[in-house]
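Visitor: I've never looked at this one before. Could you walk me through it and show me how each label is earned?

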Amino acid sequence: MAGKKTTHAEAEMVSEGGERNDIAIPHLILPKYLYLIPIASRPFFPGQVQPIVLSGDYWQETIQKIGETEQKMVGLIYTGNIPAQKTVPEDFAQIGCVGKILKPNMQDSNIHFICQGLQRFRIRRWMSREVPFLAEVEYPAEDDKKISMDDTETRAYAMSIISAVKELVQANPLQGEELKQALQYFSPSDPAPLTDFAATLTTATGEDLQLVLETLPILARMQRVFPLLKKEVEITKLHSEIRRGVNEKIGKRQRQFFLHEQLKTIQKELGITKDDRKSDEEEFAKRLDRLNPPQPVADRIDEEMKKLSFLEKGSQEYAVTRNYLDWMSSVPWGVFSEDKLGIKEARYILDRDHDGLADVKERIIEFLAVGAYKKEIAGSIMLLVGPPGVGKTSIGRSVAEAMGRKFYRFSLGGMRDEAEIKGHRRTYIGSMPGKFVQALKEAKTANPVIMLDEIDKIGASFRGDPASALLEVLDPEQNADFLDHYLDLRVDLSKVLFICTANQLDTIPGPLLDRMEVIRLSGYITEEKMDIARNHLWPKALKQAGLKKGQLKISDAALKLLIEGYAREAGVRKTEKELLKIVRKSVVKFLEDPTLTISITMKNLEEYLGKPFFKKKSLISGVGVVTGLAWTALGGVTLAVEAAAVPSKNSGFKQTGQLGDVMRESSEIAYSFLLSNAKRYGVKEDFFESHFIHLHVPEGATPKDGPSAGITMASALLSLGLGLRMKRSLAMTGELTLTGKVLPVGGIKEKVIAAKRNGIKELILPEANRGDFESLPYHIKEGFQAHFIGKYDQVAKVVVSALKGENSD
């Protein structure tokens, strides 16, 4: 750089350079010291002229140093695939090529120059092992003099190389003229430059070319280059054959296209057919005759039809306009299906397709009854919430059938692009309308039933928030003027019945949830599952396998064992899978003996399904153990809470069982409440002060959270303090406060079903949840003794009586 002192090596480079000369002369006096630049892809050869691009930030000082020398020469050395910024002297090959830098300039932070290769050199020693790399070099004597007429082997190789290059010219016409001109400057009697030139024509690896560069005897060098050149000729010939085959196929298609166009022209002249433009216009007009579009839509269609009439058919805008008109004429503007508003028929369809769910079906009948009374069902959005496999999607299909409407379903699970709701703008390649316009096109009516599945699993990304886009769609006050970005027109969705499904409400945004009427599907008890299996799942499984009812039978006892021992869940998907498994194993036996008749009973069920996954769960009992009720996305479950006391000089409290933050707080509230009220409930005053208390919720691998186990935890501590164990089957749920109040919780139906499934007959529920319990179907709440409480004193009274084995009031 400017201002730096010139080193001894640099001074010697200048002194030995002679006069300044911008033209490379073959036998120019070459410098003793060279600045080195690594070449990554392939080595540079003498006689080669090629542009080189370097990073300006890293190599600017090196190029500046070279510019300060008289010769403007640089040493180019192959380093393999190592990045230039990470190259160290050990990565450089020993032999490289000295080249003259011509026309250096800076563009876009990169240094561009043309380099003319002059001669091989070898590194003797390093003068600078860091950038800019500087080394003392020597120029090995090359066997490059003209060969005599007697050297037949060398002359033969030279002639062979020239022949191979000519073959390369014929096989690669793109480089033919350049290679023909270059060959004029080479002679068999001067093989050294010819051999180096031939090496540069190949696509050999950098390592193979470096071996050529390092080979100084001319005959040995030619022996290395010739195989590489022949291989290149074979590759080029193969490439030409492939290209020729592709061109023949393309040419055949072009010929067919031209003949087809000529045929259309002849047919048009004879009046036999019309051109594509006319056919499109007539097709769109024919579709629109069956529709009743609003005036703004009709005006836009007329405008686009006029544009289509004068656009060139081969232009991109013609294709965009044609696709737009295709969509516009496919949307069922003003076409509505007639609703069936008969309540009896709707009730029949729902009962036919679904067993159980009496409360859900009643809600749907009430909804349809309002529509029947006012002679119109519009502006309604239902949300079916429940565990997987309880029949949410099938209920949507039944509602559509009961109303006589078309049904369209699409899943929102994982959707992250707002354009899937509102469509893409026409300016984008491959753009299309949103899902709702697609639904109208497929349904061919403007009032279908559209089911939005998995609305609780909708996502968001940098492309937008689909949940926010749905706010306009699912608002009865706004969806009459829904704007699709592709159509760029208002679409009336107010006549559409939207039915959404979800497994939980927590992940649905509040403003979106507020627009929907929530209907809960809590799950099935064993009796309901048996009805579903007998009436729907078993016949379906037999039909899928092509079996008749008489060939394969299953007893009610076996069906009950299957449901309770192999498919314990809120829904019926696992039940269906197990039934299909029985059918598959039976079909194998039928193939072996077609006359066989199989009956599945409790005794042989294990032959088909193996050992039961679930055994009858006996409730955990003991001092400090109380059973609670919990809600999960898969339905209700029983939850044992265990408490143990360890004698200690210092009191303390810890919780285990992978509890969430809310549940941990509930346990601390229960501990503090019982600690401050121990005397009132008959617990020794110093019990908690002289013991370290450990509270555990079993199945520690399962995360748990929520406030509904508050009274359960307090009751477990009470049992521990009194030293008594439960003598009655009792379960409870409710949130506890520090003042002893019991607050309401959710999921009462699921929790009651879980208690019934486990044979529990006595429940403690918050007073505020009395209405939830009393609204349950009779067959679910039958056989339960429920205590409704508002304060923990009432809970303690029931718990103490259960601990002592006394009869409850």
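Visitor: What is the mean pLDDT of the chain?

Guide: This is a predicted model, and the chain's mean pLDDT is 83, on a scale from 0 to 100. A pLDDT of 70 or more is reached by 90% of the residues. Over residues 1-27, though, the pLDDT is below 50. That stretch still has 40 contacts in the model beyond near neighbours in sequence.

Visitor: Let's pick a residue. Why is threonine 87 called buried?

Guide: Its relative accessibility is 5%, and buried means under 20%, so threonine 87 counts as buried. You'll find threonine 87 in the loop between β3 (73-78) and β4 (95-107).

Visitor: Which residues is threonine 87 in contact with, leaving aside neighbours within four places in sequence?

Guide: Those are Pro38, Thr79, Ile82, Phe92 and Phe133.

Visitor: And what lies 3.0 Å from a polar atom of the threonine 87 side chain?

Guide: That's the backbone oxygen of proline 83. The cut-off for a polar contact is 3.5 Å, and 3.0 Å falls within it.

Visitor: On to cysteines. How do you know that cysteine 97 and cysteine 115 are not bonded?

Guide: A disulfide is a covalent bond between the sulfur atoms of two cysteines. To count here, the sulfurs must be within 2.5 Å. The closest cysteine sulfur to that of cysteine 97 is in cysteine 115, 6.9 Å away, so the pair is too far apart for a bond. A search of the whole structure finds zero disulfides.

Visitor: Are cysteine 97 and cysteine 500 buried or exposed?

Guide: Cysteine 97 has 0% relative accessibility, so it counts as buried. Cysteine 500 is also at 0%, and therefore buried.

Visitor: Now helix α22. What makes its buried residues line one face?

Guide: The buried residues are Met663, Ser666, Ser667, Ala670, Tyr671, Phe673 and Leu674. Seen down the axis of α22, they fall within an arc of 170°, so they line one face of the helix. Here's the general idea: an α-helix has 3.6 residues a turn, so residues three or four places apart point the same way. The face of α22 turned away from the buried side carries the exposed residues Asp661 and Ser676.

Visitor: How far does α22 reach from its first C-alpha to its last?

Guide: With 16 residues (661-676), α22 reaches 23 Å, close to the 22 Å expected at 1.5 Å a residue.

Visitor: One last helix. What do the buried residues of α19 pack against?

Guide: They pack against α18 (526-545), β14 (552-554), α20 (573-592), β15 (598-600) and α21 (605-609). The buried residues in α19 (556-565) are Ala558, Leu559, Leu562, Ile563 and Gly565.

Notes
Residues numbered from 1 in each chain as written. Predicted model: local features only at pLDDT ≥ 70, side-chain atom pairs only at ≥ 80, totals over all residues. Heavy atoms only, no water. Helix = DSSP H or I, 4+ residues; strand = E, 2+ residues; numbered from the N terminus. Buried < 20%, exposed > 50% of the residue type's maximum accessible area, 1.4 Å probe, protein only. Polar contact = N/O pair within 3.5 Å; in protein donor to acceptor, adjacent residues only side chain to side chain. Contact = heavy atoms within 4.5 Å. pLDDT = per-residue confidence, 0-100. Expected span 1.5 Å × (residues − 1). Arc of directions from axis to C-beta.
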